[in-house]
Structures are given as structure tokens and as C-alpha cells.
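Me: I would like to go through this model with you one question at a time, with the cut-offs spelled out as the terms come up. Could you reason from the values and finish each reply on what I asked for?

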Amino acid sequence: MNYVDSKYDGLKNFIQRQLDSGKNYQMLLKLEGFNYPKDIYLNMLLDTQALPENEFTLKTWEEFVTIYREENKEYSEKFMGENILNQSTVPTVSSSTWQIYKSNLLKKGFKEKAISEIQYSSYGVVQRLTDMGRGTKESIKGLVIGDVQSGKTANMAGLISLAADNGWNVFIVLSGLIDSLRAQTKDRIIKDLTTDGSMALNFKAIEKPKFRNGAIEAEYNLDNIDLSRNSKVRLLNVCLKNKSNLKNLIAWLNSNENKAKQMKIVLIDDEADQASINTNDITEEIDPTTINRLIREIANSSKFKAVNYIAYTATPYAPVLNESGIDSLYPRDFIVALNSSTDYMGPVQYFGLQVPAQNPSLRMVRSVTDEEVSSVFSYLTGKNEICENFTNLKTAIYWFLISVAALRFRKYDDPLSMLIHTGAKTASHKLMINIVQEILSDFYDNYDERINELNELFYEEIRSFDKKDFNNAMPDYSNEDICDYPSWSEVKEGLDYLKGLKKDEFITHIKLGDDKKPIYKKGIHVVEDNSSKKYDESARLIYPDKDDKEISGMKNKSFIVIGGNTLSRGLTIEGLVSTYFLRPTKLGDSLMQMGRWFGYRPNYELYPRVWIDKETQFKFESMTQINEDLKDEIESYAEKGFSPSEYAPRIMNSPDYKRLMVTSFNKSQNAIEGGMDFRGFDVQTLSFLRDKSCLEHNLNVGIELLNKIGQSPRFKDNNLLFENVDTQLIIDFFNGYRLSEKQQNLQKGTMTSLIEWIEENTSENKLDSWNILLVSKGEIPRYEDSSRKSWNIHGYDPGCVSRSQMKNNPYEDTVYIKVLRTVGDLVLDLDVDLSEKEKSANSLKNVLGVRQKYGYDRKPLLVLYRIDKNSKPKNEESTSRKAMDVEEDILAFDVLIPGFTEKVNRANYLQQKLD
């Protein structure tokens, strides 16, 4: 099937007409709802297009619809679990809660496209709610996955608004462990969903219902609340995940049996992997942990008219790995991964991907040296009385001061913050404050000397990442003309202002007045925020009230925040421009939640910087890959019509469980290792042993492979292309090539499994013979005419490519390059005229789609690169890369196994064993 053939235009028009009439892609994939058996209807459809009956099978029809969806998608969230349970609609009346919410979002500056995406995903969840199902078997359980600080709360509010308009009447939001954040969530939802004008519904906040002498407080007495079918009342409770609050909530819900039977409940579990997971031994006949048990008591209750449990989290590993019994909180009915806005600056932008290869587009991460890490922790743990090395911390603080000065010049009037997160122990926070105050004091006392250091740092940073770099990194950013850095003289003017303050105002804290309201000054507020912080000399982190006119006119609202667990989840650090992060943890889900620098940075896009140690950077890079792989996995399952009750999502395992686990063992008790499946697998060699004999060996293995091929190559864009190569030659190459043990994404065991899989699928005629592309640089001379005479490949002397190695590679015996090839290299072997869009395919999924589109969906590809041993970085002043500095050229390769929508980036996965 050649999708682009004009004879299929009629089928494409048919698909679009059906979508416009209300059918969805799942119905079209399965040809459901057409009053005929699907095989008969397919033949009838082909007949109307004058196509022979054997033109399509049901399987190739599904492939055709899948390609159409990919090429015509507007919003791409796909639900794993396609059951539509109700006839809900999106209201258009201005007094509806959804339209009020939409209006409030517009006032906040949300773009129409972003609001449409919120509507699409929120309505998709509402369609899957039950309005009459209850009890263990009938209640609905789903999971919504969003990125860290990407706007999950906006989606939650969208769900509440649309569900309220469609008749659900009780909304419970389980909101973390900190009461101040709970109150913020409640106030924000109420404010977002209401207006001073006309409202079709009346939202009533249920604030911590309590019983006195066995009786509920009058304000919350269900006897006085109308929950009948035509009632306009909607109840909202935002509840902490603690025992007493949940027990009081359950008692209140059950305080009136008749009213309980009228309740159509939407139970939203925000940060569902925090506190909600049953960490007791699930193999023993013991009760679940208290919070989990109390949430189940609501989710599985048969006392209400309907119950829907919807979990929200950015780190879904525990919810999908821990347990799946019918009475558990496992999302058996649906899972959806939300798309982030094009303005979102998240893990992929900060840390990049290995598969498909994608460098960090936002070059904002800076390294903390091993020596400084050792020095800081020796001080914080009491081993040393002084901290001997805090150079990178000082640089991070200096960048914060520069950012404050620059942005104040640009009239940025919102708070600006620096986050310092080095551990959970509160005693260490006080010690860190000592260092911070020492750095600030030294800056103030020796201003004339230090200003030169800030001058050098300013120019170093603006050369490293400027407005042009940002526009290249975020090509679809909504603000096409972001504000550039000011000049140094303008920055210095702001720094002079800070120096002009009295010292006790320059280095200050948030004070509480007699009325317990925070008092702010014009300098830098050094804030300790942790669970044991007492409101004595200074307050915890409290940002100024934006509606307070006296504060809003203040020239500086700047905060350096030092803390641990209270800064790890939920709390948004406003105006975060500098982060110093050394928090050691093995748990990937906890680590990702601590990335408070992820999110949206309107009007200060160029300024965020993050200082982290090499080990933490490795963990963030690994978790970013794991997270993106899971999203692709869910989308792949959704496209196939799989339900979470039938197929548990697979989660890529950590590359090194001794250093990193996706979640703790007691939160993944039902996880088993997934099977080996290399369809859609793509991997590139990135780490190479320095040993000269090893490098020479690999070059000889490559030369032997290419010269054993019977036919001569043909030229393709100054590269050599060998087509239809026998599989055994490829296997011989893989067996002979010596991999570095530091090659995290292609360990020896994975290669062994890959070879076995290739042999099995070739013998079953599931794979064709191979294409090999040898990437060269410049024109390729005949060997006898070449001045290089570096190697003789079928009488030609192909040139080397240039790559450079990373400076922060911790292994002295290896070279690490981070990226070998562009994604576009993976379509260079196609013997078709590709469009510019197809040539520049920006993801592995798009590559696989292009290959399938042109009939290469069974053709595996090996791409070879000979890297010049004398390669240097393009930018000789690069802070992250250096020359190769090896004794022999490096033979590197990329291997691509076809398989559209089959998403496996590594061989080892974790997957829940479904009960």
C-alpha cells in the first residue's frame, strides 16, 4: 500500500466525512457503527471507490486510518481505554461553568489553542465518567498524566467545570499533605470556575466538615443541601491526604443516606503517587495503608449514585506498577497522557533524549564539580566545620543577582526566586543559609571587586544562550518576540541599586508584623522553608499578594529559598531564574517532582539556569527518556484499542538500578520484567573505549562487513548506500563489534537479545534484508586517487565525520559523545523523493511513519559513521564539549528496526502483572 497514491483520495475523504459526522477514530479503525459486518462493509467501501476487494485487508485498513490520523491530527491526546459511557456535551451558554472557566482562562492570558487542548482532554475524561456506576465493579478508575508543572491543575478545573455542567454534583480533590497548598488549590478552583456575573450553577465549598457531639456543623448539613436531579448546587471539597480529614469527609458523605444516593461523585486524586499508594505487603492478607484504604472506601462505595476516581500525576510509575486488583486504585478504565503546551520548558528541553537523538534545546544546565559536591556535603553533614569550595554556588547566586537587576530594568514586577535544594534534613538548611549570607555579604562588602566577576559571568552566559538560541529551541513559542537581555550598563545600574541599600535591607528575611501579615523589604530575602520551620524571627516562603497595591509598587521582590521536602511537590517557585540542586535520591519519581525549574517562564524566558552535579544530571536524563517512552507506549496502546484492564503499560527500566529506580520497591510490588520486543527499536552507539586496539578492531570489523557485500554501493547524498544486504553479515558485524560497558542504551545482554530477535524474525519472514548507509563527509574519491587512503571500501575512500566528546564524562577510559546522528539520517536510504518535512523528520515515530508510508516498514537499517580521531567542537569556546583526543578513528553505528507504533527503546521494561 502506497498511502500517497491518488487512487486513495476517495477513502481519505470518506474518513474525514465520518469524523465530521461524529464518529471517532476508534470506530473507523474497527469499522464499527455502519450496520454491516466490518469485512462486508470494507468490501462495499472499496467498491464505491472502484478498488478491488483484495486492495485492503482489515489489518491494512487499520494501518491506512492510522496514517491518516497522524497526518491530520489537531489534538493528539489518545485515551488508552475507549469506552464512552455517557452523552455529555460541551456547553456553549455563557453562564455555563465551562464557558465561565474559558473566559477566566482568556483573562489570564491563555491562548485559544491552549484552551482548546484543555477542552479536548477534559471532555475526553468526562465522556468516560459514569453517572450511575458505583461499588467495586462499577465505579470508574482512570489516570491522567501530565508533565511536572505543565498545567495539570488547569485540566482538573476543566474536568470539574464540564462534569458540573453535565450533572455530576460532588467534586472531591485530594490535595497533598500541606494545608497551605490545599487552601491555595481550593481558592484557585473556586476563583477559576465562578464569576461576578450570571452563573447557571452554584458552587459551594465544603471546608473541612467536622462533627461536634455527633452532629455535623449546620453549614455543611446535607439535610439543608439540594442534590436533586434539577438542582443547581455543586459541592467542592479540597481535602488533605491525612487520616483525620479523610475520616471526617467520609463521615460527612455518609451522614444522610438519601442524599448519598443522589451524589454523583468525581474524586480527583492530585499527585496520586504521593501518600495514595498502598505500600503494605500486597502478598499478605493485611489491610492497605491508611490513606489508601480510606480513598478506596470512597472509590469503591456502593452508597452513592455514581463514583469516579480520577488520578492525576506527572510521575505515574507507582499507580501503574503497584497493584491491580478490582478493589485497588489501579486505573483499569482509562489512561491518558496530556500534551504540554508549546510554551512548556520541560525535561526534554533541558536534558534532551537519546532515543530519538535530541540534544537539550535549552542550554541552561550547568555542572557542579565533584570537588564542590564533596565539600558542600562534608560541611552540611558536620564532617567539616567550614565549606572549603562553593564556587558554583557563588556563580549561581551571582547569576540570580544579575537576573534580578536585568529584569527589574525590564520592568518585570513579579517575584523573582532562586532555589537551593541540597537535602531533606532541616539542620543542613540552616548551614546552607550561612554560606548564602556569607556570599551575599562578601558581594556587598567588596562590591568594586565583585562587580568585575559579575561582568564576566554576564557576558559568558549571554554568549552561551541568547535570544536566537531560544527561538531555535522553541520554534512554536507563542511570543514571537521575547524580551532580550539588557546591556551590561543597564544591568550594573540595577546592581548599583542593590548596593545602595543598607546592608540589613540588602540581606533580609520575610518578617511577620503584629497582624501576622508578611513584611517585605527591597533587598534579597533569604528564606528557609521546611516542615519544622517556626514563625519566629522570619517566615517561611510567602509570596506577596498580587492584589496588595503597596507591595506591587515595590522595586524588588526577590527571594533565595533554601529547603527540602516542602519544595519538592506542589509549591510553585515564582520567577525561578537560578537553581542550585544537589539533592541525592535513587527514586526517579521523587527526582522528577523536584525539578521545580520545569514549567512556563513568560517574560523571563532567557534567564533560568540550573546548577546540578553530574550524577543528578545522569538521573534526570534517564528519567526524561523513561517518561517520554511511557507516553509513547500509552499512545501506541491507545491506537490499538487496548484497555488498561487488558494490557498494563510498560515502563522502561532504569539503565542502572543501583543508581536509579523509577520508583521504590514498595510502590511497585506487582511489577514484572516485560518481554523483549525490538520492533520500532532505534539505538546509537555513544560511548566508546579509548583503547587503541579496541578502536582498530571495530574499524576492521566494519571494513570486513562492507567489503563482504557482493554488490557495489551506490551514491546517496555523498554517502555510500548498500541495499538488500544479507542478514547474516549484519549479525556477524554485531557479534564482532566490541561495545563499551558504559554504553547505557545498548549493553552486551541487550545486543545478544537483539541478535536472537533478528534471527527469529528473519526466519519467520517478518524482516526483509538490510540496507546499510555509510555516512561520509564531502565527495568520495576512488581509493587509488585519494590522498587520504584511510580505508578501501569497494574501491572508494569515504571521508570521516566530525563529532566531539562531552567534558562531563565521569569515565576516564571512555569517550562519550551524547549524540551521533540526526533523526533525518534514518530516511536517507529511501529511494523516493521526500518532502522537506519528511526529510527533516523530528522524531522516531515520524521516521517510522515515513518508512511505512513508502513501503519500507519491513526494511531494517544500519547506519555507519567513521569519526575522525582529531575531531574538535564547532565552537572552540564550548563549555560542554572538547576534542576527541583518541589514537584511532572511531567506528560508530545506529541500528533501526522497523515496526510502526511498536514503541520499544530498550529491551527491559517493568510491567504490572494484571490480576
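Me: Is lysine 631 buried or exposed?
Reply: This is a predicted model, in which local features need pLDDT of at least 70 and side-chain atom pairs count only at pLDDT 80 or more, whereas totals for chains, interfaces and linings use all residues. Residues are numbered from 1 along each chain as its sequence is written, and side-chain values use heavy atoms, with hydrogens and water left out. Buried means under 20% relative accessible area, exposed over 50% and partly exposed in between, with a 1.4 Å probe and protein chains only. Since lysine 631 has a relative accessibility of 17%, this residue counts as buried.

Me: Which residue forms a salt bridge with lysine 631?
Reply: A salt bridge here is a side-chain nitrogen of Lys or Arg within 4 Å of a carboxyl oxygen of Asp or Glu, and the closest N and O atoms of this pair are 3.2 Å apart. The two residues lie 3 residues apart in helix 24, which means that about one helical turn separates them; helices (H or I, at least four residues) and strands (E, at least two) are DSSP runs numbered from the N terminus. The partner is partly exposed, with a relative accessible area of 22%, and is glutamate 628.

Me: How far is lysine 619 from the nearest side chain of opposite charge?
Reply: Lysine 619 also belongs to helix 24, which covers residues 614–639, and is buried yet without a salt bridge. Leaving out residues up to four places away in sequence, lysine 619 touches Thr585, Lys586, Leu591, Arg659 and Leu660, where contact means heavy atoms within 4.5 Å. For charge, Lys and Arg count as positive and Asp and Glu as negative, while His and the chain ends are not counted. By that count the nearest opposite charge is on glutamate 615, at a distance of 4.0 Å.

Me: How many residues apart in sequence are the parts that lysine 30 and glutamate 62 tie together?
Reply: The whole structure holds 46 salt bridges, and one of them joins lysine 30 to glutamate 62, with the closest N and O atoms 3.3 Å apart. Both ends are partly exposed, lysine 30 at 22% relative accessibility and glutamate 62 at 27%. Because lysine 30 lies in helix 2 (residues 25–30) and glutamate 62 in helix 4 (residues 58–72), the parts tied together are apart in sequence by 32 residues.

Me: What is the order of the strands in the open sheet of 8 strands?
Reply: Strands of a sheet pair through backbone hydrogen bonds, either parallel or antiparallel, and two strands count as paired if DSSP finds at least two bridges between them. In this sheet the pairing is mixed, and the edges, each pairing on one side only, are strand 1 (79–80) and strand 4 (202–205). The order is 1-10-2-9-8-3-7-4.

Me: In strand 8, which residue is the bridge partner of phenylalanine 171?
Reply: Strand 3 (residues 170–175) pairs in the parallel sense with strand 7 (residues 233–239) over 5 bridges, and phenylalanine 171 stands opposite leucine 236 there. Both faces of strand 3 are covered, with Val170, Ile172 and Leu174 buried on one side and Phe171, Val173 and Ser175 buried on the other. Strand 3 also pairs in the parallel sense with strand 8 (residues 264–270), over 6 bridges. There the bridge partner of phenylalanine 171 is valine 266.

Me: Which helix gives the most residues to the largest nonpolar core?
Reply: A nonpolar core is a set of buried Ala, Val, Leu, Ile, Met, Phe, Trp, Tyr and Cys residues joined through side-chain atoms within 4.5 Å. The largest has 147 residues, and among the members touching the most others are Leu253, Tyr350 and Leu393. The helix giving the most, with 12 residues from the stretch 391–409, is helix 16.

Me: How many disulfides are there?
Reply: A disulfide is a pair of cysteine sulfur atoms within 2.5 Å. The sulfur of cysteine 800 is 17 Å from the closest cysteine sulfur, in cysteine 694, so this pair is too far apart for a bond. Cysteine 800 is buried, with a relative accessible area of 19%, and cysteine 239 is buried at 4%. The number of disulfides is 0.
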